[in-house]
Amino acid sequence: GGDIGLRLLEAATERAKQRQPRVIAIGDVHGCIDELQDLLRQCQYTPGDLVVFLGDLVCKGPDSHAVVQMAREIGAIGVRGNHDFEVIRWHRAIKAGVDPPALRSEHFHIASFLSKADVKWLHSLPWYLSSKDLGALFVHAGFVSGIRLAKQNPRLMMNMRSILPDGTVTSKFFNNWPWARLWDGPQTVLFGHDADRGLQQYEHAIGLDTGCVYGGRLTACIL
């Protein structure tokens with residue numbers, strides 16, 4: 001499909017070059033396997049590099065199964081996105097003998113056809129990851145500033161986009177009130193989920209969902 005726009009964001013370029021193996025954080029893939037393969041080539045990924053997916057590997061795009069399989073096979077880790085969560089929920093429901101949905105559900109369809117190993121990998125995704133070594137946190141949607149990590153709400157970690165001036169946390173897009181503007185560190189948060197805002201760069205937060213599945217780009221940050 002034509003010229004696939006890929007954007008690489010290198011955090012601390014020199015450090016990234018020297019660090020072996022490297023950590024490569026990747027925004028929302030949404031089943032876009034070709035773009036994922038291209039991006040890893042652009043990053044000069046080699047076995048031993050650790051790929052960290054920021055959630056929503058599945059749904060909307062052409063091949064969710066291939067993306068999860070590849071993630072598992074390269075030994076990647078990641079955090080749970082809202083779409084990954086729905087697929088896991090449907091997988092549990094299928095195992096419990098729940099009837100298929102009356103209306104076609106993409107989450108149900110993906111859950112039905114994932115291999116045992118891929119389901120296990122998807123199940124293993126936590127709400128967030130923390131790296132003392134990198135001074136970084138990885139989460140799908142975001143965090144509420146001023147609340148300890150252990151007390152953060154999983155639903156918000158998968159869905160939030162904005163925090164309003166009155167403190168209301170919402171999954172809705174409010175252009176002037178991105179949650180990340182309030183995050184004051186000290187750890188840097190790498191997150192996805194927010195394709196409307198595209199690439200976001202704050203002092204202590206980097207948003208990497210650049211809308212690949214909507215015709216945008218798939219973005220990586222090399223740490």
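Which residue stands opposite serine 130 in β6? In this predicted model, the residue that stands opposite serine 130 is leucine 137 of β6, and the report starts from that pairing before turning to the sheet around it and then to a pair of helices.

**The hairpin and strand β6**

Strands β5 and β6 run antiparallel and are joined by four bridges. Together they form a hairpin in which four residues lie between the two strands, and glycine 135, which sits in the turn, has a positive phi of about 65°. Strand β6 covers residues 136-139, with Ala136 and Phe138 pointing one way from the strand while Leu137 and Val139 point the other way; all of these residues are buried. Leucine 137 also has a bridge partner in β9, namely valine 189, and the two strands concerned, β6 and β9, run parallel and are joined by four bridges.

**The sheet as a whole**

The hairpin strands belong to an open sheet of five strands, arranged in the order β5-β6-β9-β11-β10, and the pairing in this sheet is mixed. At the edges stand β5 (128-131) and β10 (200-202), each of which has a single partner strand, so one side of each is left without a neighbour in the sheet. Direction ignored, neighbouring strands of this sheet are turned by 15° against each other on average. Further along the order, strand β9 (residues 188-191) and strand β11 (residues 205-207) run parallel and are joined by three bridges, and leucine 190 has isoleucine 206 as its bridge partner in β11.

The table lists strand pairs with their bridges and directions.

| Strand pair | Bridges | Direction |
|---|---|---|
| β5 and β6 | four bridges | antiparallel |
| β6 and β9 | four bridges | parallel |
| β9 and β11 | three bridges | parallel |

**Helices α4 and α6**

Two packed helices are described by the angle between their axes and by the distance between the axes. For helix α4 (residues 82-95) and helix α6 (residues 116-123), the angle is about 125° and the axes are 10 Å apart. Because of that angle, α4 is oblique to α6, and α4 passes α6 in a left-handed crossing. On the α4 side, the residues that meet α6 are Asp84, Val87, Ile88, His91 and Arg92, while Val119, Leu122 and His123 are their counterparts in α6. By character, the residues of this contact of α4 with α6 divide into four nonpolar, two polar and two charged.

Methods:
Residues are numbered from 1 along each chain as its sequence is written. This is a predicted model: local features need pLDDT of at least 70, side-chain atom pairs count only at pLDDT 80 or more; totals for chains, interfaces and linings use all residues. Side-chain values use heavy atoms; hydrogens and water are left out. Axes are lines fitted to C-alpha atoms, for helices over the stretch in contact, and angles run from 0 to 180 degrees between N-to-C directions. Angles under 35 degrees count as roughly parallel, over 145 as roughly antiparallel, 65 to 115 as roughly perpendicular and the rest as oblique. A crossing is left-handed if the near helix is turned anticlockwise from the far one by less than a right angle, and right-handed if clockwise. Contact means heavy atoms within 4.5 Å. Ala, Val, Leu, Ile, Met, Phe, Trp, Tyr, Cys and Pro count as nonpolar, Asp, Glu, Lys and Arg as charged, and the others, Gly among them, as polar. Two strands pair if DSSP finds at least two bridges between them. Buried means under 20% relative accessible area, exposed over 50%, partly exposed in between (1.4 Å probe, protein chains only).
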